[in-house]
Structures are given as C-alpha cells and as structure tokens.
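The following exercises concern confidence, a pocket and an aromatic pair. Each task is followed by a worked solution.

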Amino acid sequence: MTCLSSTLSATAYDFSAVCNGVLMYFNITSSTNKTVEVTYKEDGYYNYHGTYAYEGAVTIPSTVYYNGSYYTVTAIGRYAFCQAGRLTSITIPNTVTSIGDYAFSAFESDSEPNRLTSVTIPNSVITIGEGAFSRSYSLQTVVIGDGVTSIGEDAFSSCYNITNMTVGSSVTSIGDYAFSFDYRWSDYQEYGEDCIRPVTFHMKSINPPTIQKHTFSGKSDPAAEDWHYNPYIRHTVYVEGPYAQNLYKNATYWSNFYTYSHLVTNHRYDFYTGGIYYLISGTNTVKVTNKYGGRVPGIASTNDYSYTGSVTIPTTAYYSGTSKTYNVTAIGYGAFNEDRQMNKNSTGEAPSLRDQGDLKSVTMGSSIQTIEDYAFYKCTGLTNVTIGSGVTSIGSYAFNGCTALTTVTCQRSTPATIQSTTFDNSHYSTVTLKVPSTSAVNSYKAATYWKNFYLIVPNGGELNYALNVSGGNINFTSTGDYPWTVKGDATRVYAQSSNAGVASSTSTLSATVSLSKPHTVTFDFKAWGEGTSYDVCIFSIDGVEQFKYGARQNDWESYSAAIPAGSHTLTWSYQKDGSVNPTGDYFAVDNVKLTEVTIQPGDVNGDGNVNIADVTALIDILLAGTTPPAGSDVNGDGNVNIADVTALIDRLLSGN
C-alpha cells in the first residue's frame with residue numbers, strides 16, 4: 001500500500017501518512033531496521049474532545065514511505081486505537097508481530113468503545129498486550145492466529161457480546177481476566193446482563209495454555225458461583241481431539257470445564273494424515289480410528305466416508321500438533337466398520353457411520369500389534385486383508401460380516417490369538433488363508449479357531465503346496481487367461497481349472513521334470529464335463545495325451561503313468577467347447593507324486609518285463625555303441641557286453 005507521509009508537531013507520533021484514504025500515525029521503533037508501529041494522534045491516551053483518530057474501516061499497511069525510506073509496520077502500539085469509538089473494521093497485515101497494551105480498549109468508562117464486531121489477528125502476531133481489546137463491547141467474533149504465544153491480562157475483558165473465540169495453536173499463556181466478560185468487581189460499576197453470556201472457545205493448542213484463576217471471570221471464586229456467573233458452566237471449550245481433551249481435563253483451572261462437561265472435542269480423532277484417522281494411545285503410540293468415533297449412529301450423511309478403496313496402514317504417523325512421530329500399534333474399536341447400528345464402546349470409539357461396501361482391501365504395517373473388536377465389522381466390500389507381522393491379538397467380530405472376503409494374508413509365522421467370532425463361520429470354507437511358510441501352515445492348522453480354515457497355504461507357493469504330495473518338490477505353473485486356482489475343503493487342499501462356464505476356453509496347468517531314471521507319475525483327480533466329445537479333461541506327457549475324460553463320478557480317483565528318464569513336460573488342461581457351458585465344469589488335481597522305477601537286471605527296455613524284446617534291445621545297444629540303460633548288466637559283473645546277452649538268453653530258456 002502506498003502511503004503519503006508528513007511530519008507533524010506532536011509528541012504522540014513521529015509522522016503520519018494517508019493510507020487507503022485514512023490518515024494514520026506512526027512511531028519509528030528502529031531507524032536501523034526501518035520499522036514502525038501504528039500509534040494514536042493525541043498526546044497521552046485520554047480523549048474527551050469527541051475527536052477520534054480512526055473511524056470506519058481501517059486497513060493497516062505492511063509498509064509506509066517516510067523521509068526517503070520504506071518502513072515495515074511491525075506493531076500496533078500501546079493505546080494506538082484506544083478511544084477509536086467509530087472504528088468499524090480493522091485489517092492487520094502479516095508483518096505485525098505484536099499488539100500493544102490497550103491497543104483497541106475503551107479505556108475510560110465514559111468513553112465510546114470501538115464498533116468492531118469481529119477481528120482476525122494474523123499468524124505473524126506473537127503477543128497480544130494487556131487490555132488490548134478490553135471493553136470492545138461490539139466485538140462478537142475473535143480469531144487469534146497461530147503465531148500468538150501469549151495473551152495479556154485483561155486482553156478481552158468486558159467484551160460481553162463475544163460469542164465465538166478461536167485461540168491459535170501456539171498460545172502458551174493467557175493472563176488474568178483476559179477472557180473475563182462479566183466485568184471485574186474493581187471496575188467503577190458493574191455492566192452487562194444478569195449473567196455471563198455463553199461463549200464458545202475453540203482451542204487449537206494441543207497442550208493447554210497456562211491460565212489464571214480469573215482468566216475467565218472477575219468473580220472472587222468463579223468455580224463456586226452459581227450457574228449464572230460460573231464461566232465453567234456458561235462457556236464451552238472445544239479442543240482438537242481426545243488426546244488434547246485428556247490434557248485439558250487434568251490442567252489447572254481448565255479441569256473445571258471438564259467437571260461440568262463443557263470441555264468437548266472438535267473431533268473424535270486426534271489427527272488425520274495420509275488418509276488415516278488416528279487416536280493417540282500412549283507417549284509414542286497411536287491407533288487407527290475413524291472420522292466419526294464417539295458419535296451416535298445415523299447422524300452422518302450417507303456420502304461422507306471414512307475409508308474407501310484400498311487402504312495401506314503405515315508403521316508410523318507424524319502429527320504436527322505435537323511435532324512427534326508415533327508408532328501405529330493398533331487398529332481401534334470399530335475403526336473401519338460399516339454397520340450404522342453398532343454402538344460405541346466404553347472409551348467412546350464408535351462406527352464410521354457410512355454406507356457399506358466401499359472399503360476393498362487393507363494392508364497393515366508391521367508395527368501393529370492389536371486389532372480391536374469390530375475393527376472391520378460388516379465391511380461388505382472388503383475382499384483382501386494383509387495382517388502385519390506384529391499382530392498378536394485380534395478381537396471379537398473384527399472381520400465378522402465381511403461377506404466378500406476371499407483372502408487373508410498373515411505375515412506372522414506364529415498365529416495371533418483370535419476369538420470364536422473374529423471371523424464368520426462361512427469364512428472357514430470360503431477364505432484362503434496365506435501364511436509365511438510351509439512350517440507356518442502347520443502352526444496355523446494347530447491353532448485355536450485358525451485351524452477351522454479349510455484352505456491354509458504358504459504365501460507365494462500356493463500352487464506347489466496344493467498340488468504336491470507331502471514332501472514333494474515339483475514346480476507347477478499356470479498362466480493365461482484362466483490360470484488354475486487353489487481350492488480347499490475339510491479333507492484336502494488342491495488346484496482346479498478356472499474356466500467353468502466360459503465357451504471355447506482352455507485352462508492349463510503344467511510342470512517340467514528332469515529325471516535321471518525312469519519314474520512313475522501318480523496323482524488324484526476329479527473331473528466334470530459334458531463328455532469326451534465336448535468339454536474334456538486332458539493329461540499329457542510331452543504333448544502326448546495319456547487320458548481324455550469328460551463326465552466322471554464327482555469324487556476323487558487316482559491315475560498313474562510311466563515317464564522315462566530325461567526332461568519332460570506334464571500338462572493338465574480343461575478344454576471347453578463353444579456350446580453348452582454349465583458353470584460347474586472343472587478339472588481338479590491333487591497329490592502329484594513322482595516315484596523312481598526300480599529296474600531289475602534284464603529289463604533292458606525298462607517296461608517292467610523281461611522277455612525276448614530285452615534281448616533284441618541289448619543287442620541293438622551293443623551294436624550301436626550307445627550308453628546301456630539300467631538292467632543291461634544281466635550277469636552283474638559290472639560290465640555290459642556280449643556275455644550279458646548270453647546270460648539273458650540262458651535266463652529266458654531256463655524260465656528264471
């Protein structure tokens with residue numbers, strides 16, 4: 001703002017300047033730093049002449065030009081707007097760092113107070129001086145910025161029309177009578193109505209500022225007055241969250257508000273960051289909560305959600321209000337629940353109050369130790385949950401009612417303690433439980449309630465675990481549009497084709513094996529289809545069909561086939577035709593096992609029999625000079641030569 005300045009002969013100010021059409025007065029506070037403060041016109045602070053230095057709407061400039069230099073306006077001086085009875089609004093720039101004593105006060109009882117109805121003190125201001133706004137009778141709303149650290153004695157005393165006051169987050173001390181709106185007994189006379197007018201205070205500081213016995217009232221003992229004059233009954237103090245509420249309710253004089261239940265919270269959570277709501281639960285710990293914790297079900301709008309989509313819960317969370325990083329150690333009571341009728345618990349945590357089905361998946365950090373009761377209750381759209389490695393206990397109904405849940409991945413090898421109602425009974429047959437290793441599978445199968453899950457598999461090795469016989473090490477793969485999936489029932493875990501009901505489709509499972517000796521492959525299977533001319537289950541070795549089945553008995557049966565030494569590809573496929581496609585069609589396989597075939601001496605061709613064909617095979621091998629297979633050393637002398645042919649012929653002729 002450009003201000004035209006001039007020097008006048010008066011002791012109250014150094015120079016004046018016209019700023020935005022208003023003649024303003026300034027004192028130089030530092031010639032070196034080129035700073036000034038706004039001051040008043042008259043000598044002293046008494047004004048009985050009906051002449052007001054400031055009237056109407058006043059905008060204080062951030063800089064003012066004087067005597068060839070620009071000066072920064074850094075303060076509103078002592079008594080600067082005192083007696084400014086016709087002042088209607090004030091705009092304070094963010095260069096101002098202090099508001100001096102009685103800056104806006106109606107200092108004498110017979111003076112006309114200013115007509116300000118609201119004031120916003122910018123974040124740049126650090127101190128509000130003694131009596132700065134006292135007797136500003138028209139003042140109704142006050143917003144004190146986050147830069148203010150101290151509010152002086154009597155700062156807003158006798159402002160009996162104030163209804164709302166916001167106190168910034170940096171305030172650490174508030175002086176006696178600063179918010180005494182009922183007039184002090186030491187005043188020349190008592191003004192106002194027959195009781196204290198209720199005021200709503202919004203305290204943005206997490207830690208309660210130091211206050212005095214008479215900060216809120218001039219009565220001899222404010223807390224002992226009847227309800228008409230007791231500020232702790234008449235006023236309401238809002239704080240930032242449950243953690244702050246606990247600090248205030250234990251702080252000197254602030255605790256009086258809590259006694260009368262007039263110390264309440266703006267939120268049922270302490271802070272929100274990274275898409276997660278948190279409650280501070282300890283010196284260095286927090287737990288996850290929701291936006292509406294502590295409220296009565298049914299009051300939130302149906303489109304106001306706490307959590308949607310995929311949520312990842314971190315191991316730590318930073319809160320600017322306390323300038324601390326906390327470990328995220330728990331998911332609180334009902335934190336994600338979607339049941340609008342669920343009641344809050346004894347500590348005030350309650351449902352998220354939102355429509356069902358919008359939370360889809362959750363991944364938890366390793367620092368979480370506890371999942372409390374009802375944490376994910378009736379999250380009907382939740383399909384996948386990853387439970388962190390630090391979780392040791394999961395509460396009642398934590399996942400109850402999650403009707404779409406298909407996969408729970410536990411990153412902890414030792415099973416957490418769960419309750420009989422943690423999961424639905426239906427989850428045991430429909431949810432895949434993934435755990436860190438094969439040994440962890442055994443631990444979960446032995447653990448209370450966890451053992452009820454049909455399908456417990458090692459995470460990342462599900463297909464191999466499902467298909468191999470116990471102790472087997474065949475590596476299976478299944479790719480394409482319809483990869484085989486892992487299934488389970490009360491008796492076994494297995495793999496099954498996934499293209500049921502899809503016309504003209506194929507779901508394929510394969511394994512490549514390298515054998516130094518002949519083996520037999522065996523496996524269990526179930527199959528169901530229209531028939532061998534339509535939808536079929538096929539098992540092949542190196543592309544050569546070993547069986548081709550259509551409709552079968554809907555029960556497990558076994559199959560085996562010989563595999564010679566060498567590298568071979570085993571393939572199981574379910575092929576659908578383009579016509580009738582019932583959704584129950586499938587090919588399922590389990591307990592795949594390779595067993596080495598023991599070759600008896602004389603079984604040169606390895607077909608399990610010793611006959612003339614083996615003589616022919618041995619002669620061909622010797623003539624060709626190729627490596628003789630097992631069974632070729634008929635006489636057992638460690639060599640394979642013509643003597644073995646003779647020995648084999650003698651055995652056949654003798655019938656041995």
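**Exercise 1.** In this predicted model, determine whether phenylalanine 525 and phenylalanine 587 are buried or exposed, and classify the geometry of their ring pair.

*Solution.* Begin with accessibility: phenylalanine 525 is buried, as is phenylalanine 587. Next, consider the rings, whose centres are 6.3 Å apart. A pair requires centres within 6.5 Å, and planes over 60 degrees apart count as edge-to-face. The planes of phenylalanine 525 and phenylalanine 587 stand at 90 degrees, so this pair is edge-to-face. Finally, place the residues: phenylalanine 525 belongs to strand β36 (residues 519-528) and phenylalanine 587 to strand β41, so the pair ties together parts that are 62 residues apart in sequence. By the pairing rule, the count comes to 62 aromatic pairs.

**Exercise 2.** Describe the largest pocket and its lining.

*Solution.* First, the volume: the largest pocket holds about 380 Å³ of space. Second, the lining comprises 21 residues, and Lys445, Tyr465, Asn468, Ser470 and Val493 lie nearest the centre. Third, the elements giving two or more residues to this lining are α6 (462-467) and β41 (586-596). Helix α6 supplies the largest share, three residues. Fourth, by residue class, the lining divides into eight nonpolar, eight polar and five charged residues.

**Exercise 3.** Assess the confidence of the prediction, and identify where the pLDDT is below 50.

*Solution.* Start with the chain, which averages a pLDDT of 87, with 87% of the residues scoring at least 70. Then examine residues 184-192, where the pLDDT is below 50; this stretch has 16 contacts in the model beyond near neighbours in sequence. Residues 294-304 also have a pLDDT below 50, and that stretch has 26 such contacts.

How values were computed. Residues numbered from 1 in each chain as written. Predicted model: local features only at pLDDT ≥ 70, side-chain atom pairs only at ≥ 80, totals over all residues. Heavy atoms only, no water. pLDDT = per-residue confidence, 0-100. Contact = heavy atoms within 4.5 Å. 1 Å grid on protein atoms, 1.4 Å probe; cavity = no way out; pocket = protein on both sides within 12 Å on 5 of 7 lines; lining within 4 Å. Points joined across faces, edges and corners; volume = space filled by probe spheres on them. Helix = DSSP H or I, 4+ residues; strand = E, 2+ residues; numbered from the N terminus. Nonpolar A, V, L, I, M, F, W, Y, C, P; charged D, E, K, R; others polar. Phe/Tyr/Trp six-rings, centres within 6.5 Å; stacked < 30°, edge-to-face > 60°. Buried < 20%, exposed > 50% of the residue type's maximum accessible area, 1.4 Å probe, protein only.
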